[in-house]
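Biologist: Please take a close look at a single part of this model, and then explain how that part sits within the whole. I should be grateful if each technical term were given with its cut-offs.

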Amino acid sequence: MIPLSHYLVLSAILFSIGTAGVFMRRNLITILLSIEIMLNAVNLTFVAFGRAAGDLDGQIITFFVMTVAAAEAAVGLALVIALFRHKESLNPDAFTTLKW
Amino acid sequence: MPETIIFYLLAALAVGASALVIGQRNPMYSVMLLIASFGALSGLYIQLDAPFVAVAQIIIYAGAIMVLFLFVVMLLNAPREDGAEWDRTHPLRQPGITRWGTLLAGLLIVQLALALGKMTDLNAPVATKSDATTVSSVTELGRSLFTRHTFAFEATSILILVAMVGAALMARREGEQ
């Protein structure tokens, strides 16, 4: 049987990969994909803890996270399309008009 | 120990595919690899006696969200990063830490490692055979979702509505009525 800590370590690795993607990649679409990796790592933690506790709440909050992920993908991709129309670029450094 | 072997295979697939997602220059390959990663995670959910979450993972993530990403990648038709120039100006290639975000990401990894290192009572097996039927029951899941968590469920529907209106508003061309 697999101990709970293995799932948590796997989840931490996936979350770190997602964080690294957000900070290192310079393509808005890949940054959104990295956010999805992070959300999935959190989902895995929820389900593993719920299974260890023997109740269903871990699975239920996973559905809410999935819903938020879907909403975030829809709004984020709409923003990407609007930004691409303005500047013809997906590089986040092209959108620094508000930067002081 | 077939269970352990399957766990490590799926974990390696998830980590490898996720690492390749952020290593690819072409976002099309990134999306495909992320679908593979989600498939591996879905297998892990089945191991955790959560078959409904596994199916929802495949249908919602791999089916809906990733297809949305694929559509946008193909719609924008800008598949490749301009490698040479972007590498030259990349914050990680600059001398010293030019962005605090990089430092914070390193700090996060250290924190996670410390927190995971302190665990002593988590080495018990996560799944015991006795309560597998209650945890994997879709009936119980639906009952809990529509009784104890009704408010959150209804609030989620408002969230979806707001996201839908927001996405339609954002993606609209300027000057259109």
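Modeller: A:S11 counts as buried because it has 27 C-beta neighbours inside 10 Å. A residue is called buried if 20 or more other C-beta atoms lie within 10 Å of its own, exposed if 12 or fewer do, and partly exposed in between, with the C-beta atoms placed from the backbone. The model is a predicted one, in which local features need pLDDT of at least 70 and side-chain atom pairs count only at pLDDT 80 or more, while totals for chains, interfaces and linings use all residues. Residues are numbered from 1 along each chain as its sequence is written, and chains are lettered from A and ligands numbered from 1 in the order in which they are written.

A:S11 belongs to helix α1 of chain A; helices (H or I, at least four residues) and strands (E, at least two) are DSSP runs, numbered from the N terminus. Leaving aside residues up to four places away in sequence, A:S11 touches A:A41, A:L44 and A:T45. Two residues are in contact when their C-beta atoms, placed from the backbone, lie within 7 Å. Another pair shows how sequence and space can part company: A:S11 and A:V42 are 31 residues apart in sequence, yet their C-alpha atoms are 6.8 Å apart.

The surroundings of A:S11 are those of chain A, which has three helices and zero strands, in the order α-α-α along the sequence. Of its 100 residues, 54% count as buried. Among the contacts in chain A between residues at least 6 apart in sequence, 43% join residues at least 24 apart. The C-alpha atoms of chain A fill a box of roughly 50 × 25 × 25 Å along the principal axes. The radius of gyration of chain A is 17 Å, whereas a compact globule of 100 residues would have one near 13 Å; this radius is taken over C-alpha atoms, and the globule rule is 2.2 Å times the number of residues to the power 0.38.

Chain B is the partner. Its secondary structure comes to eight helices and zero strands, and 20% of its 177 residues are buried. The domain assignment of chain B gives domain 1 (1–80) and domain 2 (137–177), with bounds that come from an automatic or database assignment. Taken over C-alpha atoms, the centres of domain 1 and domain 2 of chain B are separated by 23 Å.

How many residues does the contact take from each chain? It takes 58 residues from chain A and 67 residues from chain B. On the side of chain A that touches chain B, α1 (4–24), α2 (28–53) and α3 (57–87) each supply at least two residues, and the largest share, 20 residues, comes from α3(A). That side divides into 41 nonpolar, 13 polar and four charged residues. Here Ala, Val, Leu, Ile, Met, Phe, Trp, Tyr, Cys and Pro count as nonpolar, Asp, Glu, Lys and Arg as charged, and the others, Gly among them, as polar.

Two packed helices are described by the angle between their axes and the distance between the axes. Axes are lines fitted to C-alpha atoms, for helices over the stretch in contact, and angles run from 0 to 180 degrees between N-to-C directions. The axes of α3(A) and α3(B) lie 11 Å apart at an angle of about 5 degrees, and the two helices are therefore roughly parallel to each other. Angles under 35 degrees count as roughly parallel, over 145 as roughly antiparallel, 65 to 115 as roughly perpendicular and the rest as oblique. Among the residues that make this contact are A:F63, A:A69 and A:A73 of α3(A) with B:I60, B:I65 and B:F69 of α3(B). The contact of α3(A) with α3(B) has 20 nonpolar, two polar and no charged residues.

One member of that contact, B:I65, lies in helix α3 (residues 51–76) of chain B. B:I65 counts as buried because it has 25 C-beta neighbours inside 10 Å. Residues up to four places away in sequence excluded, B:I65 touches A:E36, A:A69, A:A70, A:A73 and B:I60.

The helix α3(A) also meets helix α8 (residues 150–170) of chain B; their axes come within 8 Å and cross at roughly 10 degrees. These two helices are therefore roughly parallel as well. By class, the contact of α3(A) with α8(B) has 13 nonpolar, three polar and no charged residues.
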